[in-house]
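Thank you for making the time this morning. I would like to walk you through one model, and I ask you to keep the structure open while I talk.

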Amino acid sequence: MTNSTGNESKREQVDLLVVGSGIAGLVTALTAAEQDANVMVVSKGALSSSASYHAQGGIAAACGEDDNPELHAADTLRAGRGLCRPSAVETLVEDAPARIDDLRNWGARFGSEPGLEGGHSRSRVFHSRGAETGREIELAIARRVRAESRIRVCENERVLGLWRSRGYCVGIIGEQGRIFSSATLLATGGAGALWSRTTNPRGALGEGIAIAYRAGAAVADLEFVQFHPTALSASGMLLSEALRGAGALLLDTSGERFTDELAPRDVVARAIAARGSALLDLRPIDRGRFPALIDRIREAGYDPETEPVPVAPAAHYTLGGIVTDLDGRSTLPGLYAAGECACTGVHGANRLASNSLLECVVFGRRAALAALADAPLDLEPESPEPPPAEVDLVDRELREQMWQGAGLVRDAAGLEPLRTASALVPRLVAECALHRRESRGVHFRADFPVEDPELAAHTVLRHGQEPLFERWS
Ligand SMILES: Cc1cc2nc3c(=O)[nH]c(=O)nc-3n(C[C@H](O)[C@H](O)[C@H](O)COP(=O)(O)OP(=O)(O)OC[C@H]3O[C@@H](n4cnc5c(N)ncnc54)[C@H](O)[C@@H]3O)c2cc1C
């Protein structure tokens, strides 16, 4: 690697360059290494620092005797409110059981019986130690990555832009230099931390989405952001659905119930937002089932045995992202994407719980195989010095602006000012949200509160063009 401001242009070359070390990135890297490819993983933090590490609920796969991929598909499509890409859903649910086997083979341990979760008609959600599923998977595959001689890991290296040559992506521009690669895969996660209240780690800023868009790749569906109804008011720490599934109650400040605790996330979130905040009463449940979570609530200064804890909705999951086909190919040749930063269309307008870890594993693997199978690029970069990468600054004021203007309930008046926001992804979110003049799934517009059957299509943004609705089969 060379310093991007330096004169020397020494380059490293790998078969697959993976940006991001959450579950999507690490699965992609392991899959490619198993195909004898030389892989480099570049991540802006330590290997396991990611949203993946924090995933509490679980990972879905139709493995039970009373279950099958068709039932899993039906539940996914129902959640997605007419907008799921059918071929992506079919791929997700068909591949799921084999991918759970892969994770087990790589060392992840799940409880023997899958559990039932909101929106799933069968018990199909695999958990580790109550609410530690993301941590279990992430640590298991990170150990495997470290032990794999074909994978080089480059931690604490932030990617600022893509290196383009003759219409191809030929690598990345990092803070410390450039890396040339036959194929580049972004697994940089979502953008939840652009909102002031979030369950996401602070680094989840949608940087990969901005980088891809700036390099000419299409992005889509950025208006669809899932807000989790029950995050701890003080910190945004997620209090999993499983607590409500086990019987925890939502109360208003006078101690009255005001909503069906098991209604879909967006319905519960809007019911809480309409009241400003709420209390989650954990006294009726068997708290021993959630030891780690209960400990963390205590550490935050609450005693869930004696008093309900204050909760409020928080930005949680980015449904949109870099447009890809079912094998991770973006619209920019040489560039692939997988995980939360990608948009296959699989989640439609609302994500079914526990389908996103699955998405990382299913589409991460497929993207790795496609990247290696596609004709390797034999391109020398056109210019020895690529143009300097543009970097967005995200501050507290912008996050608050996102919460006010592009939060749970939006309208044109709140979204318009975001079109000139100081960072790119907020501007793209506003463009998509303004273009969709209806309410569907997690996107609720107070000025267009009804779903419009004409708009069952994906909102696609391409550089220098007006937003378009596209139908994906
Ligand atoms: C609290 C919480 C609980 C959740 N619970 C569940 C659950 O139970 N089940 C479920 O299915 N989903 C759950 N989700 C969602 C799920 O965890 C994520 O969708 C998924 O883990 C995303 O994985 P990823 O690999 O795509 O991205 P991430 O895990 O977010 O990883 C992104 C990686 O990219 C790196 N990166 C980002 N930008 C750059 C850059 N510019 N340069 C270099 N590196 C960069 C980051 O450092 C990180 O390593 C939860 C999410 C949260 C936040």
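I will start with confidence and overall dimensions, then go through the sheets, a helix pair and two backbone details.

This is a predicted model, in which local features need pLDDT of at least 70 and side-chain atom pairs count only at pLDDT 80 or more, while totals for chains, interfaces and linings use all residues. Residues are numbered from 1 along each chain as its sequence is written. The protein chain averages a pLDDT of 92, pLDDT being the predictor's confidence in each residue from 0 to 100, and 95% of the residues score at least 70. The exception I would flag is residues 1-10, over which pLDDT stays under 50; the model has 16 contacts for them beyond four places in sequence, a contact meaning that two C-beta atoms, placed from the backbone, lie within 7 Å. Where pLDDT is low, the predicted coordinates should not be read in detail.

As for the chain as a whole, it has 13 helices and 18 strands, which are DSSP runs numbered from the N terminus, with H or I over at least four residues for helices and E over at least two for strands. The radius of gyration, taken over C-alpha atoms, is 21 Å, close to the 23 Å that the globule rule gives for 473 residues, so the chain is as compact as a globular protein of that length; the rule itself is 2.2 Å times the number of residues to the power 0.38. Along its principal axes the C-alpha trace spans about 65 × 50 × 40 Å. Buried residues make up 54% of the 473, where buried means that 20 or more other C-beta atoms lie within 10 Å of the residue's own, exposed means 12 or fewer, and partly exposed is in between, again with C-beta atoms placed from the backbone. Of the contacts with a separation of 6 or more, 73% are between residues 24 or more positions apart.

Now to the sheets, where two strands pair if DSSP finds at least two bridges between them. One open sheet has five strands in the order β16-β14-β9-β17-β18, with mixed pairing. Its edge strands are β16 and β18 (468-470), each pairing on one side only. Within it, β14 (residues 321-323) and β16 run parallel over two bridges, and Ile322 has Ala342 of β16 as its bridge partner. Helix α13 (residues 424-435) lies across β9 and β17 (458-461), at about 140° to β17; axes here are lines fitted to C-alpha atoms, for helices over the stretch in contact, and angles run from 0 to 180 degrees between N-to-C directions.

A second open sheet has four strands in the order β10-β13-β12-β11, with antiparallel pairing. Here β10 and β11 (249-251) stand at the edges with a single partner strand each, so one side of each is left without a neighbour in the sheet. The twist averages 45° from one strand to the next. Helix α8 (residues 265-275) packs on this sheet, touching β10, β12 and β13 (309-318), and its direction makes about 60° with that of β10.

Elsewhere, β6 (residues 159-165) and β7 (168-174) pair antiparallel over six bridges, and they form a hairpin with two residues between them, where Arg166 in the turn has a positive phi of about 45°. A further hairpin joins β7 to β8 through two residues. Six of the seven residues of β7 are buried.

Turning to the helix pair, α4 (residues 86-105) and α10 pack at an angle of about 85°, with their axes 9 Å apart. That makes α4 roughly perpendicular to α10, the label that covers 65 to 115 degrees, whereas under 35 is roughly parallel, over 145 roughly antiparallel and the rest oblique. Among the residues that meet there are Leu92 and Arg99 in α4, and Leu358 and Arg365 in α10.

Finally, which residue in the loop between β16 (342-343) and α10 (355-373) should we look at? That is Ser354, whose phi is near 70°, a positive value in a residue other than glycine; Ser354 is buried, with 25 other C-beta atoms within 10 Å. Asp221, in the loop between β9 (219-220) and β10 (225-232), likewise has a positive phi, of about 60°, and counts as buried with 25 C-beta neighbours inside 10 Å.
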